[in-house]
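Hi,

Here is the structure I promised to pass on. Have a look at it first, and my notes follow underneath.

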Amino acid sequence: MNTDFTTNYTKKLAEYFVNLRYEDIPEEVLERAKLLTLHGIGVSLAASQIPMAADVAGIAENMNGGQGGNATIWYNGKKVTPALAAFANSVACDMLDWEDCAWTGHPVCGAVPAGIAFAEAFKKSGKDYLTALIAGLEGYNRIAMAVQPPSDFDHMEGWAICSWQIFASNITAGKLLDLDMSQTNKSVSLAGSLAKNGSNIAQATMSDGYKYEQGSAAISGCLAALCAQAGIHNMEDGLDIPYAFCEQYTPQVHREWLDRKLGEEYYTMDILVKHWPANMWVQTPVELTRNMVREHNIHVENIEEIVIDPPTQYRMRFKEDGYTSLTEAQFSMPYVVAASLLDPIPGANWYTDEMMKNPKLIQLAGKIKGGPGKEHTLIESFNLFQNGSHPTKTATIRTKDGKVYTDSMSAHKGHPANMLTREEFCELFRVETRQVLSPEVTERLMDFILNIEKTEDMSLIGQFFKEKAKDS
């Protein structure tokens with residue numbers, strides 16, 4: 001083993017995180033951070049309609065020893081410790097698979113829950129929160145890219161997406177804890193030590209345990225930051241030492257990503273926002289089919305067949321006896337397209353137990369098939385995304401009266417090349433919260449987030465979630 005490792009990437013990143021100031025961040029990056037916060041909170045609130053959300057809140061409260069703390073579980077208004085609030089809100093953020101997708105995973109569902117929790121708990125300013133959030137998103141993206149698998153990687157060997165997820169919460173929490181450079185170095189290094197190994201079990205079983213992986217990464221990242229604040233001997237330079245973190249995940253480590261254009265180029269701007277509650281690679285087919293059905297006034301009962309070409313690896317699963325988990329349904333192009341056509345307003349309503357067994361939905365999903373083109377593998381798709389584009393999909397709808405409609409799309413709404421406008425983010429937030437918040441609370445919370453830089457005390461955000469709990 002090569003033990004003569006002389007790079008100093010961990011120190012460089014620690015210095016960047018500690019020294020990052022609100023005033024140094026470009027206006028468009030700050031704006032995007034606010035909009036990502038809006039969406040992250042919105043999809044978490046939408047998930048409160050899923051029974052699993054109550055389970056997660058109960059787990060957090062039990063680990064907390066009952067209610068009591070200075071950070072809020074967004075969707076029930078109860079107070080727990082910041083790390084446990086980050087856990088519960090992170091699971092909720094991923095529950096509908098509606099949050100974000102960077103080139104490598106879902107940093108928003110770690111960074112926003114941790115950032116809001118620690119900013120609320122320690123009464124930080126809105127500017128402090130935004131600065132910490134951007135530090136977390138930038139650090140996450142760089143660390144994740146350094147350990148991405150080679151092009152010949154077999155996805156079925158075990159995807160490590162929740163392994164690097166830990167850095168989103170860790171770096172954000174560490175910044176809000178005012179860790180110095182040595183503490184930040186140790187915090188990031190310990191996070192790498194606590195990161196989970198790659199596993200294929202969630203993908204193989206399509207289990208909703210995958211949602212808990214997100215929460216586990218969030219709380220573990222927060223704990224690493226708290227441990228570093230309390231004091232750790234040694235435990236430094238974890239991104240530099242061989243097999244401390246990077247080599248555990250890929251034989252082709254690209255450490256140059258760690259400081260690539262650091263402070264000059266913000267990868268926060270390359271984060272994709274999911275327009276629909278579904279897996280990232282299902283977004284474009286949903287957008288295409290919905291647009292065509294609306295444009296041509298196609299009645300669902302008149303659809304003979306929908307063909308998506310080319311199909312995407314592991315995303316064409318059809319279950320003629322119905323779907324058994326949120327994850328299984330969200331990862332299925334036939335299911336999500338069918339659900340979106342039967343129930344045009346997105347939300348938890350797409351994923352009720354009744355909907356996942358609905359005979360009408362299953363019948364329609366059976367008409368949605370992959371086309372003859374070469375199947376897109378996930379590695380190919382991620383490579384396209386990292387290079388600034390997206391896989392082009394063509395949808396063809398054949399109706400029972402013999403008509404054929406075809407359209408193609410690459411960058412759906414929410415892709416960095418076709419990002420939602422501020423008003424579109426606001427409209428989406430209203431849809432996400434329509435069954436959870438009153439219209440009046442929705443507008444006030446939205447105004448708070450969109451003007452968060454004016455807030456001197458982030459503990460004020462908790463009042464909106466307490467009002468939600470009263471309404472419930």
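In strand β8, R398 has V404 as its bridge partner, and T394 is bridged to S408 of β8. Strands here are DSSP runs of E with at least two residues, helices are runs of H or I with at least four, and both are numbered from the N terminus. β7 (residues 393-399) pairs with β8 in the antiparallel sense, over six bridges; to count as paired, two strands need at least two DSSP bridges between them. The two strands form a hairpin with four residues in between, and G402 in the turn has a positive phi of about 90 degrees.

Before I go on: this is a predicted model, so local features need pLDDT of at least 70 and side-chain atom pairs count only at pLDDT 80 or more, while totals for chains, interfaces and linings use all residues. Residues are numbered from 1 along each chain as its sequence is written, and side-chain values use heavy atoms, with hydrogens and water left out.

The hairpin belongs to an open sheet of four strands, in the order β6-β5-β7-β8 and with mixed pairing. β6 (368-370) and β8 (404-409) are the edge strands, each pairing on one side only. On average, neighbouring strands are turned by 20 degrees against each other, direction ignored. Helix α14 packs on this sheet and touches β5 (303-309) and β6, and its direction makes about 130 degrees with that of β5. Contact means heavy atoms within 4.5 Å; axes are lines fitted to C-alpha atoms (for helices, over the stretch in contact), with angles from 0 to 180 degrees between N-to-C directions.

α14 (residues 333-342) also meets α12 (residues 283-295): their axes come within 10 Å and cross at roughly 35 degrees. The contact is made by P285, V286, T289, R290 and V293 of α12 with M333, V336, V337, S340 and L341 of α14. Seven of these residues are nonpolar, two polar and one charged. For the classes, Ala, Val, Leu, Ile, Met, Phe, Trp, Tyr, Cys and Pro are nonpolar, Asp, Glu, Lys and Arg are charged, and the others, Gly among them, are polar.

Now the cavities. There are three of 30 Å³ or more. A cavity is a set of points on a 1 Å grid over the protein atoms alone where a 1.4 Å probe fits but cannot get out, and lining residues have an atom within 4 Å of a point. Points are joined across faces, edges and corners, and the volume is the space filled by probe spheres set on them.

The largest cavity has a volume of about 330 Å³. It is lined by 25 residues, of which W159, I161, Y210, R315 and F331 are the closest to its centre. That lining has 11 nonpolar, nine polar and five charged residues. The second largest cavity has a volume of about 60 Å³. Of its 13 lining residues, A46, A348, E432, R434 and Q435 are the closest to the centre, and helix α18 (residues 422-433) gives the most to the lining, with three residues.

Last, some backbone details. Most residues other than glycine have a negative phi, and most peptide bonds are trans. The bond from D309 to P310 is cis, with omega near -10 degrees, and P310 is in the loop between β5 and α13 (326-330). D237 has a positive phi of about 60 degrees although it is not a glycine, and so does K261, at about 50 degrees. D237 lies in the loop between α11 and β4 (272-273), as does K261.

Cheers

Methods:
On a 1 Å grid over the protein atoms alone, a cavity is a set of points where a 1.4 Å probe fits but cannot get out, and a pocket is an open set with protein on both sides within 12 Å along at least five of seven lines; lining residues have an atom within 4 Å of a point.
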